[in-house]
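Open the model in your viewer and keep the selection tool at hand. Each stop below says what to select and what is there.

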Amino acid sequence: MVGNPLLGRIQNREAKVGVVGLGYVGLPLGMAFAEAGFPVTGLDVDQRKIDKIAKGESYIKHIPSAPLAELTNAGKLKATNDFAKSRELDCVIICVPTPLTASREPDMSFIVATGEALAPYVRPGQLFILESTTYPGTTEEVLKPLLEKNGLKAGVDFFLAFSPEREDPGNKGFNTKTIPKVVGGYSPACLEVATALYGSALKEVVPVSSTRVAELAKLLENIYRCVNIAMVNEMKMLCDRMNVDVWEVIQAASTKPFGFQPFYPGPGLGGHCIPIDPFYLTWKAREFEFHTKFIELAGEVNWQMPYYVVQRTMEALNQNKKVLNGAKVLCIGAAYKKDIDDFRESPSLRVMTLLKEKGADISYHDPYVKELHKGHGFNMEMKSVPLDPETLNQYDAVMILTDHSHIDYNELVQRSNIVVDTRNATKAVTQGREKIVKA
C-alpha cells in the first residue's frame with residue numbers, strides 16, 4: 001500500500017485538483033475547490049466551455065459569472081482539453097454524463113472514454129473519484145480496469161473512490177458546498193484520502209463502507225422520488241376521471257404533520273437523474289436474476305405521462321370543435337423544471353415531439369432555453385418565440401409544460417383560447433378558469 005503523502009498536501013491545500021466534465025456538476029464542484037484554496041484544472045472535450053472559463057464567463061444560468069471570473073483571473077481555476085495534464089494532478093474527479101442507450105440500457109461510453117483518456121497518465125499516489133450517477137459496481141468493474149492498464153493497482157499504487165453528485169439546479173436553499181457528500185472508497189486508505197479531500201472544501205462528508213454502497217445510495221435517493229412521483233401521476237389521472245382536483249387533494253394531505261411528504265404530478269420526468277436512474281438499477285438487477293417490478297412499474301407510469309398530456313390536449317381541442325392535426329399550439333417551457341436552463345430529458349421535448357407527430361403546428365417559449373437542436377430523441381430545430389400577449393389568441397391551445405416564474409399567468413389565461421396546465425401554474429387565476437384544462 002502506498003503511503004499517504006497526499007493527505008498532507010490536501011490538508012495544506014497544496015494538492016492539485018482536476019475535474020473532468022465541466023457541466024452542471026463539474027463546474028460548481030471545481031469552483032468550490034478553488035474557493036477552498038486548491039489549484040484546480042478542469043478537463044473537458046468541449047472547447048466552448050474552455051474558452052468561456054478562460055474569459056470568466058459562466059455558461060450555466062444559476063452559476064453567476066462574477067465568482068467564476070474572480071477565480072480564473074486569480075489563476076485558481078483553469079481549463080484545458082489536454083488530458084496529458086492529468087499526470088500533474090494529485091486528485092482527479094470525474095463528472096461525465098451517464099445517459100441511457102436507445103434501448104434504455106446504461107450508456108457507459110463517457111466513463112469509458114474518460115478512463116481511456118486518463119489511463120496513459122496515471123501515476124503512483126494519485127486519487128481518482130467517480131461522481132457520475134451509475135449502477136453499483138461501475139467504479140470497480142468499469143473504471144478501475146481502465147486506470148490499471150499501465151500496471152498500477154488501485155488501493156496499492158493509487159487511490160480510488162466513488163462519491164455521487166447531488167446537484168439540484170435552481171435550488172436556492174442548497175449548493176455544492178452545503179449538500180452532504182457521500183463517499184465510498186475502494187479500500188480504507190482510499191476512503192481516508194477521498195474523505196479528506198471533500199472535507200477540505202465541503203461542509204459535511206458522509207463516509208460509507210464501499211463504492212457500491214455509495215453508488216446504490218444515489219440510485220435509492222432518485223428512485224424514491226421516481227416511485228412517489230409515479231404514484232401521484234397515477235393519482236392525477238384517476239382524479240381527472242373522478243372530476244377531483246388532485247392539487248387540492250395534495251394540499252389537504254400535506255397538512256398532516258407526520259407520515260406524509262408531498263410529491264407533485266407533471267407532464268413526465270426530466271433532468272439527468274430521476275428519469276434515468278431506475279433503469280440503471282433494473283438493468284444491474286438482472287445480473288442477479290432479480291426483477292425489480294415495483295421500480296419498473298413506476299418508470300412505465302412516468303414515461304407514459306407525455307402521452308396522457310397530449311391526449312388531454314386533444315380532448316380539450318375537441319370540446320372547442322377543433323382537431324389536433326393542423327392546430328397551432330404554443331408550449332410554455334422547454335427546461336425540465338422552473339427557472340433553469342437545463343432541458344436534459346425534459347418531458348417538454350417528448351410532448352412537443354408527440355404533438356408534431358400528430359400534425360400540430362407547434363412553437364415554444366422559454367427565456368432560459370433559446371434554441372433546441374436535434375438529438376437525444378428530439379428531431380426538430382426550434383427557437384424560442386416571444387411571449388406576446390397580443391398574439392396568444394392566435395394559438396388554438398397554450399400548454400404550460402414548465403411553470404417559469406416570469407410569466408403572468410392571469411394575463412396568459414385571459415388572452416388564450418385554451419390553456420392546458422400540467423403544473424398547476426394557474427392555481428391563483430380567478431377569471432377565465434373555464435379555459436383551463438388540467439393535465
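The tour goes from the whole chain to its domains, its cores, a few elements and some single residues.

**The whole chain**

Start with everything shown as a cartoon, and keep in mind that this is a predicted model. The secondary structure of the protein chain comes to 13 helices and 15 strands. Turn the C-alpha trace along its principal axes, and it spans about 75 × 50 × 40 Å. How does the radius of gyration of the protein chain agree with that of a compact globule? For 439 residues such a globule would have a value near 22 Å, and the chain has 24 Å, which agrees. Colour by burial next: 54% of the 439 residues count as buried. Among contacts with a separation of 6 or more, 68% are between residues 24 or more positions apart.

**Two domains**

Give residues 5-209 one colour and residues 230-438 another; these are domain 1 and domain 2. Their centres, taken over C-alpha atoms, are separated by 34 Å. Now look at where the two colours meet: 22 residues of domain 1 are in contact with 20 residues of domain 2.

**The nonpolar cores**

Select F128, L147 and F158. In the largest nonpolar core, which has 47 residues, these three touch the most other members. The largest share of this core, nine residues, is supplied by helix α8, so select residues 211-242 as well. Both domain 1 and domain 2 contribute at least three residues each to this core.

Zoom in on L147. Which residues does L147 touch, not counting those up to four places away in sequence? They are G115, L118, V122, F128, F158 and L160. Another core, of 42 residues, lies apart from the one just visited; A15, A161, A189 and A201 are among its members. As background, nonpolar side chains in soluble globular proteins tend to be buried together.

**Helix α10**

Select residues 277-285, which form helix α10. This helix is mostly covered, with eight of its nine residues buried. The buried ones are D277, P278, F279, Y280, L281, T282, K284 and A285. To see what they pack against, add α6 (138-147), α8 and α11 (293-319) to the view.

**Strand β13 and its partners**

Move to residues 397-400, strand β13. Show the side chains: A397 and M399 point one way, V398 and I400 point the other way, and all are buried.

Which strands does β13 pair with? Select β9 (residues 328-332), which runs parallel to β13 and is joined to it by four bridges. Within that pairing, V329 has A397 as its bridge partner. Then select β14 (residues 419-421), also parallel to β13 and joined to it by three bridges. Here I400 stands opposite D421. Add helix α13 (residues 409-415) to the selection: β13, α13 and β14 make a right-handed β-α-β unit.

**Single residues in loops**

Four loop residues close the tour.

- Select R13, in the loop between α1 (5-11) and β1 (17-20). R13 is not a glycine, yet has a positive phi of about 60°. Its relative accessible area is 31%, so R13 is partly exposed.
- Select E345, in the loop between β9 and α12 (347-357). E345 has a positive phi of about 55° and is not a glycine either. E345 counts as partly exposed because its relative accessibility is 30%.
- Select S86, in the loop between β3 (77-80) and β4 (91-94). Is S86 buried or exposed? S86 is buried, because its relative accessible area is 2% and buried means under 20%. Leaving out residues up to four places away in sequence, S86 touches L43, L118, Y121 and Q126.
- Select N320, in the loop between α11 and β9. N320 counts as partly exposed, at 40% relative accessibility. Apart from neighbours within four places in sequence, N320 is in contact with N417 and I418. For a last distance, draw a line from N320 to E390: they are 70 residues apart in sequence and 21 Å apart in space, C-alpha to C-alpha.

Key: Residues are numbered from 1 along each chain as its sequence is written. This is a predicted model: local features need pLDDT of at least 70, side-chain atom pairs count only at pLDDT 80 or more; totals for chains, interfaces and linings use all residues. Side-chain values use heavy atoms; hydrogens and water are left out. Buried means under 20% relative accessible area, exposed over 50%, partly exposed in between (1.4 Å probe, protein chains only). Helices (H or I, at least four residues) and strands (E, at least two) are DSSP runs, numbered from the N terminus. Two strands pair if DSSP finds at least two bridges between them. A crossover is right-handed if, with the strands pointing away from the viewer, the path from the first strand over the helix to the second runs clockwise. A nonpolar core is a set of buried Ala, Val, Leu, Ile, Met, Phe, Trp, Tyr and Cys residues joined through side-chain atoms within 4.5 Å. Domain bounds come from an automatic or database domain assignment. Contact means heavy atoms within 4.5 Å. The radius of gyration is taken over C-alpha atoms; the globule rule is 2.2 Å times the number of residues to the power 0.38.
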